[in-house]
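I sat down with this one and a fresh notebook page. Here is what I looked up, in the order I went.

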Amino acid sequence: MSARSPLGEIAVRKPGAQRMGFFTDTTVCIGCKACEVACKQWNDLPADGSEFRKGGSYDHTGTLSAATWRHVRFVEALAPSPALQREAEAALARGIGGNVPNIPAAGGMPSVEALGGAGGGVAEHEMVDLVGIAETEAQPQMDRWLFMSDVCKHCTNAGCLDACPTGALVRTEFETVILQPDVCNGCGYCIPSCPFGVIDRDPYDGRAAKCTLCYDRLEDGLEPACAKACPTDSIQFGPYDELVETAKGRVVALHEKGIETAYLYGAGDAPEQQIAGNLGAFFLLTEPPERFGLPAQADSPIQENAPVATATGLAAAALAVAGTVASMLIAHRRARR
Amino acid sequence: MGESHRPKGFKRLRGLPVVGRAADWGMGPHAVSKNTKTAGSRIAGLKATESVCPYCAVGCGQIVYTRDGELVDIEGNPNSPINQGTLCPKGSASRQLIQQPGRLTKVKYRRPGGTEWEELDLETAMDMIAERVIRAREDHWQTHDEHGWKVDRTMGFAHLGGATLDNEENYLIKKFFSAMGAVQIENQARI
Amino acid sequence: MVWIQGSGMAEAHPVGFRWVMKAKERGAKIIHVDPHYSRTSALADLYAPIRAGSDIAFLGGLIHHIIETDAYFKDYVVNYTNAATIVNEEFKDTEDLEGYFSGYDPETGTYDRSSWMYEGGEVASAAGQREHSTQAFSDRTGAGMMMGNVESDETLQHPRCVFQLLKKHYARYTPEMVEQVCGIPRETFLEIADTLIANSGRERTGMLVYAVGWTQHSTGVQMIRGGAIVQLLLGNVGRPGGGVMAMRGHASIQGSSDIPTLYELLPGYLPMPRAREGEVTLQDYVDRGGSARGWWANFDKYIVSLCKAWFGDNATPENDFGFPWLPKISGNHSHFTTMMRAMDGGLDGLFVMGQNPAVGSQHSGLQRRALGHLKWLVVRDLADLETARFWKDSQEVKGGEIRTEDIQTEVFLMPAAGHVEKEGHFTNTQRLLQWRDKALDPPGDARSELHFMHHLAKRVLAHYAGSTDDKDWPLRNLHWDYSEHGQHAEPNAEDVLREINGYEVATGRHLSGFTELEADGTTACGCWIYSGCFADGVNQTRRRNPGNLDDPEGGWVSPEWAWAWPANRRILYNRASADPDGKPWSERKKYVWWDEEEGKWTGYDVPDFPAPKRPDYKAADDAVGMDAISGDDPFMMMADGRAWLYSPSGLLDGPMPTHYEPFESPVDNLLYPKVPANPAALVWDRNDNPLNPPRDPRYPVVASTFRLTEHHTAGPMSRNLPWLAELQPEMFAEIDPMLAAKRGIEDGGWMCIVTERAEIEARAKVTHRVRPLEIAGRTVHQISLPWHWGSHTTSEQGVTGDTTNDLIALSGDPNVSIEDKAFSCNVRAGRRHNSSTARLAHAVDNELKLSGDHGAEEPEKAGQRGDSQHPPELEDE
Amino acid sequence: MSHAKGPPPEDRIRAGDPTRAGTRDVTPAVGRRGEPGRYRRAFEGAKVALAKPAWGDARWSYLYGKDTGYRAESANGQVAEAARRAREGEELPEVQGPIIRPAVWTWEVPLYFWFGGIASGSSFVAVACDAAGDHHSATIARRVTLAAVGPCAPLLVMDLGRPARFLNMMRIFKPRSPMSLGAWCLSAFSGVAFGAVAADLLDRPRLARLLGVKTAALGTYLGSYTGVLLASTAVPVWARSRLFLGPIFIATATAKGAAANRLVLAATGLPTGHPTRNALGTIETLAMAAELTMSTVNKKRLGRLARSLEEGRPGRFFQAAEWMIRAGLALRLARSRGGPWIHHLASVLFLLAGLAFRFGWVGAGRASALDHEAVARMHRTEQRTT
């Protein structure tokens, strides 16, 4: 299984160059956001607005954007409450495998009404009882708090790269995908073409922008700013094949430690299961991808859809031309008669 | 996983003789701009100075890259056994600390009862402060305290600060203010 | 094993946590005990939520469990601690006196500590000294104690031996009690205890990490003592992978204690001369501070060398080296006391350098008001900040309570140089002195503090040059000789460091270490513990060779990276890493050992022991100085060479940590119902410092504060920086979903937090990370508050918010006057209507309620509150 | 254009702060948009001081060594199997979005789609008229084509974030990108359509007819690529409509082209009952009927995803479009009694319906992209429409 990009896609060709990538291991991430800041520092990106976001735990960045190329997601994972646990166990015992009751969302707090709150001035003695009941019966317990530093995936099958009409997006000798700011005219097509919601057009500047995997640093043999800053090496950088080997070993090591939900997102998959032909920046996760805002499966939308859509479109167009001509001929023939 | 998941269509297209090559048109070297061709790090060849992060007490090593006396970049020092090149978000932002918006470059002065800042010349300010310290020392000098104990000190002025200052600075603060007889010298270590 | 309690290490020291993660990958267990489920908890193997302020009950529980299960490291405990030492008959425990130790004086709220002494030992200083401001220096080290006749029982069976006293003192700190007091389920507690035990001993070591989550309590020092006792019982001190790690919060906060800008200390932890103890002559001072036995026999050398550094050639044996002219302290001159003197109009001027008390100091509403009573204020910082502009747009001014025009304070806001714009060194949390080279010039009129102090000193010294007044002797004779360079006449920082390192007066030769210091005036040294940092005329703090970190033979010690005090030692008391015979306890944990062939101590680090002293050396009873320390007494700074499980002296509030509730606690003290709070703790009892009455139903919620990774302390170094400000844009409070539902508070919505001092508003972060705790059969809610926000920012992309410290009363640990951060409060939905501290507006004219003479400068201003002040009718509620 | 108003905050900060103090530049470092690192080596050929060459500082990990349990020997298939477990299965775990970004396009784009559709449809009409021998109508249709394609380029340029760089569209020819092909197609179409009209004016009918055929050939792509362009994105409602979007867009293009020409021909004096007018009426009716059918089928197929086509503003656009089509069709059926104005009204309704469809489709993309669960579900469910 090859993680190589097709040679024809590589725009910058240099002898001896090899694919470089990121391996982001969420099991050692401490959610400090050093990567976000180090990225902004090196790339001289502006702050992206100071909005207090609800429901996102400590995430006030929200998404990757034209001015934010690393973004740390926070997931407050809840374990089921004792009551739910019992219900689930009972269900399993009855043989209703897989149909385990849903665990409430981390962001979704129980509403005031649901918990029987009467607004502001509840007397202390009232409180104790209600709390006690809620505690033991319905309250889910905080289980794990997960952090994941998201970034451009530098896909093998890159949607943005396929979409770009100006050649502003190119694949480099490191098989990363970068946007050349001196070329981009801000057509915006790359934005919906990215299956990971990475690239964005800056509302002030008008051009699109995203992670370059620090192309300028790579040229001088420097590690990308985020990977360098990461205090716990949650973000690792290196030759892609080596990284994938390390990461696979990590998954096995975690399985041996009993963390059986650990898996790689974007590398090490069987060919028919690859995400966008494998990701240049891949992740080690312990929860389903959707918890981190990642799709379970993805590919370059153009590679996936454009051939068939073009075919049906053109076929329909041919039909339309034929139909138009036919109608016209029929009408005129009828008129002549 | 069904076969349908794979972009077989595109892969197959790419395999075709002419169409296949056309699939990669527009993506080769001619898409590369001049700037990209000459891309490189903005710190190559710059003066590098070794420093230490000013935030918490872990003491991470930093490298400061400057060009003609102007700050270009601060990043972690990979040689430091403490941080091995890494930095936390605050340390990573320390260039912005130096080049921060609203960085003071002039002495600001607020006169008694004043409603706005005024600007002062540094030397004037230093003279004014020296005069006030001397007066405060004299006005509140105690040879003995109210219990009759010999104290030889002034209670007229106090000092607070020091936890982010250099030890050399703290040393001069302690040495000089003690020589003046001041005892109310404190810092963050207690707060 | 890494045990983190009272610290959010991953939040506040992310890069330090790098090594915790490495340890975790190597198989170490990470334990986090904290009221606040933080990013540290998320990475820990085991997390236990604890009610803020109940840590001693937990620690006592651990001590109880370790002793009960016989799990302590016997060889270590018997040989290296004072477990076997017998305490005199007068001593009475809190178990005997229902919450008090013997010697309590309810009138003054202080202890007479003479009854806590060892049998046969004597305290050299007068009994009953009440200098609670300044923990008597001699006490800390046992210096001055006569150890010769002290008795011990190595079988640990004597009913009055320290071990048995510990056992008795903590007999009621059972897992069940821990559950009741701390809210930690019994199973979780036992799991933690057993993990600690399993990871300690000969083959394994465990490390304890704490930070201001412990220090900032009315029982802060005793919490740390409790942690130390656990670590000593488990044999985790002086060994690699062990220790009690204080995670310090500022770049050089360690340095600013070593070379202290602290009122009760001189450089190198020498005490300031104390008027009350009559330390007027050098001899008095040395007699009280020095010690006949142990390291402190060198005390006179350090103080004389310091005086030589300060007064140069003018310091002579005839004039006691100028010592008599040093100012003397007489009570508590700490920051809080000083600010209250300012409040009452007793202070003319204040220098604030790189600090923001208007946000960062406890009871900041009072701090801001006090600033307005100064005649002048000098603030030095990188940008405008709340402390400098309190007269312009503070809460009180904006709220209309105080008019700007009425504030007569003259303010100088001086532009300071940043860390890369000056050279000098920081001392980090592990005592490493690290030099920073200067990278660029500061902009405009910005200058370093070194420049400021140097040029201020030159002006003042010139003024006094012709004075003949005796009080001006120190200024006339001050040795102030630092070379200047550059267009701004910047003093040379290395010159200052050379003086700190010390030199031979006659030749100017740099000293190689404090062992070269003499008491006869032939050496000068600005800080004895730093002596050696400029050995051989080389700036040792500028060394940057990390060595081979992968070398299994101690490569990780990196002895040639920078320089650690003392004498470049990386682990203190590392003699304890070897057994009494001088052999490493285990091959796995070897660090420093006795080399019989060479006849000296050797190892990966600089041995913290006299190199040629044989492990089998036995000190004679009448030996003095270092000769009194036997070859198997690793804790050589203590007079008995032992680590103290029981502190016969040194602490003002008890020889053993005892659980007391915080002053503002919503629950009773289950262990000592008659003594809710630390009876010896400090409280400034004033109208403008009102306390929430204990167990007041109006304040049912426990609050504690914490730090965020994205911000730094009071905010001027982070809130003005767009890159950091956007990451945590608003002040928030973390609150559990149940309490939120009760109060109608919605996630992301506004809420208010109320105490007697203030009402602040914050965004609600409703999260399951915060858990209500079961405390003694009732549910107690906790909220957690970050404290980084203030009212001013310099930039459009900076952030502002309400100040958490507005909420907190002034109170303090009796030993070190550090604030108490656990408090009670109430919360409601919505925004505040008045300025945050409007509640104080009418309380500022101080009417005296209670006072006690504690030897403070103005005794009526500092009071102390023990149980006696608690309204009795609330006791049985 | 989606440009934010006024200077960005960091520029305001820079403008408010001094730039020099003493010897130092004190311009605050608050970032600059769109200029990643500025990519410029300070000194050509120079090394970076205190950094190990060839990514040396990154080529080791403190986590990965013999002393950590960081890595184990990789077992065959275990890693892929772990990923399969986490990523497969119909049941959707909790989604913490957003997953993708919506397109940033504003009103210019649907309007461009609309004009492009008319132009494309008109080019078909011109060819048909020529084929049927009605060269007069063909000339008119070629003019309508040119007139309709006229606003397209300006609209496209206006939508760019950097309109001054619109020529960069011509920098490369990239068949893979519908946007690139579309831009090339649009310029070729415009050029050829202009040539055809010029040939008409210069009285070169044979050339005009030839160019007319070429225009129509390009028109097949111009009319359909807009649908392809939307279908080739990660937006669920577009991507999952990939089989229908091209045909739907072509159908409306054909209808709009016919309708526009019918109206123009009527206005320029082509009499009622003229076979071309009749034929055009038939074409628009059939095309719109086809569109309505395909839309309905597509919506059925989309299932839950169709919500973004039914709700909110885009939903209202779709409803309006569908009602206009139904009304138009009804009017057509009633035409015998109502006379030509009814007929014209139907054509106008079809034209407007086409416009509403375009706005509806573009708007639905936004809603769909922000429906995190829909995005997640699209990638979870295994059976994809082919």
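**Chain B, overall form**

I started with chain B of this predicted model, where I found seven helices and nine strands. Its radius of gyration came out at 31 Å, while the globule rule gives 16 Å for 191 residues, so chain B is more spread out than a compact globule. The principal axes tell me about the extents: the C-alpha trace of chain B spans about 105 × 40 × 35 Å. I then looked up burial, and 72% of the 191 residues of chain B count as buried.

**Salt bridges between chains**

Next I turned to charge pairs. Side chains of opposite charge can pair when their charged atoms come close. How many salt bridges does the structure hold over all chains? I noted 121 of them.

I picked E290(A) to begin with, which forms a salt bridge with R380(D); the closest N and O atoms are 2.7 Å apart. E290(A) sits in the loop between β10 (281-285) and α9 of chain A, and R380(D) belongs to helix α15 (residues 372-380) of chain D, so this pair joins two chains. Are the two partners buried or exposed? Both E290(A) and R380(D) are buried.

My second pick was K328(C), in a salt bridge with D152(B) whose closest N and O atoms are 3.1 Å apart. Here K328(C) comes from the loop between α14 (299-311) and α15 (335-343) of chain C, and D152(B) from strand β7 (residues 150-154) of chain B, so this pair joins two chains as well. I checked accessibility for each partner. K328(C) has a relative accessibility of 1%, so it counts as buried. D152(B) is buried too, with a relative accessible area of 8%.

**A salt bridge within chain C, and a network**

I stayed with chain C for the next pair. R39(C) forms a salt bridge with E710(C), and their closest N and O atoms are 2.8 Å apart. The pair links distant parts of the chain: R39(C) is in helix α3 (residues 39-43) of chain C, E710(C) is in the loop between β23 (701-706) and α23 (722-725), and they are 671 residues apart. I have both R39(C) and E710(C) down as buried.

Which residues are joined into one network by salt bridges that share partners? I wrote down E9(A), D162(A), R171(A), R14(B), D24(B) and R176(D).

**R113(C) and D653(C)**

I also looked up a pair of positions in chain C by their C-alpha atoms. R113(C) and D653(C) are 540 residues apart along the chain, and their C-alpha atoms are separated by 9.0 Å. R113(C) lies in the loop between β5 (110-111) and α6 (137-141) of chain C. With a relative accessible area of 10%, R113(C) is buried.

**A positive patch on chain A**

Then I went to the surface. A patch of positive charge gathers R333(A), R334(A), R336(A) and R337(A) there. I looked at one of them, R336(A), in helix α9 (residues 301-336) of chain A. Why do I list R336(A) as exposed? Its relative accessible area is 61%, and exposed means over 50%.

**Backbone oddities**

I finished with the backbone. Most residues other than glycine have a negative phi, and most peptide bonds are trans, so I went looking for departures.

Which residues are joined by a cis peptide bond with omega of about -5°? In chain C, I found W565(C) and P566(C) joined in this way. P566(C) is in the loop between β19 (563-564) and β20 (592-595) of chain C. In chain D, I found a cis peptide bond between G97(D) and P98(D), with omega about -5°. P98(D) is in the loop between α2 (78-87) and α3 (108-132) of chain D.

For positive phi, I noted L156(C), a residue other than glycine with phi near 60°. L156(C) lies in the loop between α6 and α7 (162-169) of chain C, and at 4% relative accessibility it counts as buried. I noted A489(C) too, which has a positive phi of about 55° although it is not a glycine. The loop between β15 (484-485) and β16 (490-491) of chain C holds A489(C). At 19% relative accessibility, A489(C) counts as buried, since buried means under 20%.

Conventions. Residues are numbered from 1 along each chain as its sequence is written. Chains are lettered from A and ligands numbered from 1 in the order in which they are written. This is a predicted model: local features need pLDDT of at least 70, side-chain atom pairs count only at pLDDT 80 or more; totals for chains, interfaces and linings use all residues. Side-chain values use heavy atoms; hydrogens and water are left out. Patches are made of residues with over 30% relative accessible area and no salt bridge: like charges are joined within 9 Å, nonpolar side chains (Val, Leu, Ile, Met, Phe, Trp, Tyr) within 5 Å. Accessible areas come from the Shrake-Rupley method with a 1.4 Å probe; for residues, only the protein chains shown count as cover. A salt bridge is a side-chain nitrogen of Lys or Arg within 4 Å of a carboxyl oxygen of Asp or Glu. Lys and Arg count as positive and Asp and Glu as negative; His and the chain ends are not counted. The place of a charge is taken as NZ of Lys, CZ of Arg, CG of Asp or CD of Glu. Helices (H or I, at least four residues) and strands (E, at least two) are DSSP runs, numbered from the N terminus. Buried means under 20% relative accessible area, exposed over 50%, partly exposed in between (1.4 Å probe, protein chains only). The radius of gyration is taken over C-alpha atoms; the globule rule is 2.2 Å times the number of residues to the power 0.38.
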